[in-house]
Amino acid sequence: MGDYTNMSAYYDVIMTSGYYDYKSIVDNLLEHEPYNHVLEIGCGTGLILEELAKRKHVQSIMGIDLTQSMLTIANARLKDFPNVTLSNQNITQLKLEKQYDLVFSYGGVWYFVVDGDNEPFLVSHISDPAANEQGFEHLSKYMSVGSTLLLGIQGPHFDYEKAISNGMTYSQKIDPCEDGFIKHYYLADKGHNLMAQTVQYRTYDFNKARGLLGRYGFEYQLESHKNKLFVRFKKIS
Ligand SMILES: C[S@@+](CC[C@H](N)C(=O)[O-])C[C@H]1O[C@@H](n2cnc3c(N)ncnc32)[C@H](O)[C@@H]1O
């Protein structure tokens with residue numbers, strides 16, 4: 001399952017070196033107003049939630065994540081926002097106290113890969129199919145009818161190596177496997193290996209993804225993905 005413990009100490013420096021564009025992610029979230037209760041699944045170190053909380057007052061914001069060391073960083077980052085709550089949870093066992101009207105995941109538990117004109121496919125940090133069903137089943141309980149689920153869009157993954165802002169070298173390697181791929185993440189400083197992490201991802205083609213989400217009341221909202229950072233689903237039952 002997508003545990004990020006090894007990467008957590010280096011996560012922020014890798015991500016803020018251009019891996020994700022947090023300002024644009026929040027620009028996209030703000031297009032879905034109005035909403036009062038927002039949930040991020042797989043919030044990591046809280047980089048998106050911080051940008052959102054700074055830019056917009058939302059009544060309540062909740063972030064859940066499986067990896068405690070990521071949440072420890074998020075807690076420190078978000079301590080001055082009384083409307084933000086964080087919770088160490090696996091989506092497959094999700095337990096919350098209320099329903100949310102906007103739920104999103106960007107590179108978190110689930111995301112879509114859009115590769116040119118090819119059909120988007122769903123990528124899950126959860127490799128077991130039954131656990132993916134459980135994840136959506138649990139999530140659906142905490143989303144009101146009419147609420148919105150946004151799953152982030154990423155470009156295709158490929159092997160590369162690049163220097164990040166502190167001079168270290170980040171690299172990733174993708175190995176296809178049955179029903180998905182295995183992604184290896186590495187961080188090195190002057191040839192010395194600092195961090196290695198491996199995550200096994202499950203993939204679903206677009207029809208299977210729609211079927212999976214549809215079983216839990218999520219309806220795909222057909223729209224162009226051009227300049228969009230999220231695929232949108234509406235909770236209809
Ligand atoms: C690539 S990080 C994304 C973090 C954040 N959304 C961001 O944009 O920086 C993926 C996060 O998803 C979390 N995650 C993976 N599987 C999960 C699960 N089953 N339940 C909850 N969180 C999960 C990991 O712990 C990790 O912090």
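## Overall architecture

A residue counts as buried if 20 or more other C-beta atoms lie within 10 Å of its own. By this criterion, 33% of the 237 residues of the protein are buried. The model is a predicted one.

The protein contains six helices and 13 strands. Its radius of gyration is 17 Å, close to the 18 Å that the globule rule gives for 237 residues, so the protein is as compact as a globular protein of that length. The C-alpha trace spans about 55 × 45 × 35 Å along its principal axes. Of the contacts between residues at least 6 apart in sequence, 63% join residues at least 24 apart.

## Nonpolar core and helix H3

In soluble globular proteins, nonpolar side chains tend to be buried together. Here, the largest nonpolar core has 55 residues, of which Ile48, Leu49, Ile61 and Val103 touch the most other members. Helix H3 gives the most to this core, contributing five residues.

Helix H3 covers residues 47-55, and its buried residues are Leu47, Ile48, Leu49, Leu52 and Ala53. These buried residues pack against helix H1 (8-19), helix H2 (22-30), strand E1 (37-41), strand E2 and strand E3 (84-88). For Ile48, leaving aside residues up to four places away in sequence, the contacts are Tyr22, Ile25, Val26, Glu40, Cys43 and Tyr106.

## Surroundings of the ligand

The shell around the ligand comprises 24 residues, with Gly2, Gly42, Gly44, Leu66 and Thr67 coming nearest. Helix H3 and strand E2 (60-65) are the elements that give two or more residues to this shell. By class, the shell holds 14 nonpolar, nine polar and one charged residues.

## Gly42 in the E1-H3 loop

Gly42, one of the residues that come nearest to the ligand, is located in the loop between E1 and H3. Is this residue buried or exposed? Gly42 counts as buried because it has 23 C-beta neighbours inside 10 Å, against a threshold of 20.

Not counting residues up to four places away in sequence, Gly42 touches Asp65, Ser105, Gly108, Val109 and His125. Gly42 and Gln197 are separated by 155 residues in sequence, and their C-alpha atoms lie 17 Å apart in space.

## Strand pairing around E6 and E11

Strand E5 (residues 110-113) pairs with strand E6 in the antiparallel sense over four bridges. Within this pairing, Phe112 has Leu122 in E6 as its bridge partner. Strand E6 (residues 121-124) also pairs with strand E11 (residues 192-204), again antiparallel, over three bridges. Two positions illustrate the register of E6 and E11: Leu122 stands opposite Tyr204, and Ser124 stands opposite Arg202. Leu122 thus faces two partners, Phe112 and Tyr204 in E11.

Strand E11 is further joined to strand E10 (residues 180-189) by 10 bridges, the two strands running antiparallel. The bridge partner of Phe181 in E11 is Tyr201. E10 and E11 form a hairpin with two residues between them, and in the turn Lys190 has a positive phi of about 50°.

Conventions: Residues numbered from 1 in each chain as written. Predicted model: local features only at pLDDT ≥ 70, side-chain atom pairs only at ≥ 80, totals over all residues. Near = placed C-beta within 6 Å. Nonpolar A, V, L, I, M, F, W, Y, C, P; charged D, E, K, R; others polar. Buried ≥ 20, exposed ≤ 12 C-beta atoms within 10 Å, placed from the backbone. Contact = placed C-beta atoms within 7 Å. Core = buried A, V, L, I, M, F, W, Y, C linked by C-beta atoms within 7 Å. Rg over C-alpha atoms; globule rule 2.2 N^0.38 Å. Pairing = 2+ DSSP bridges.
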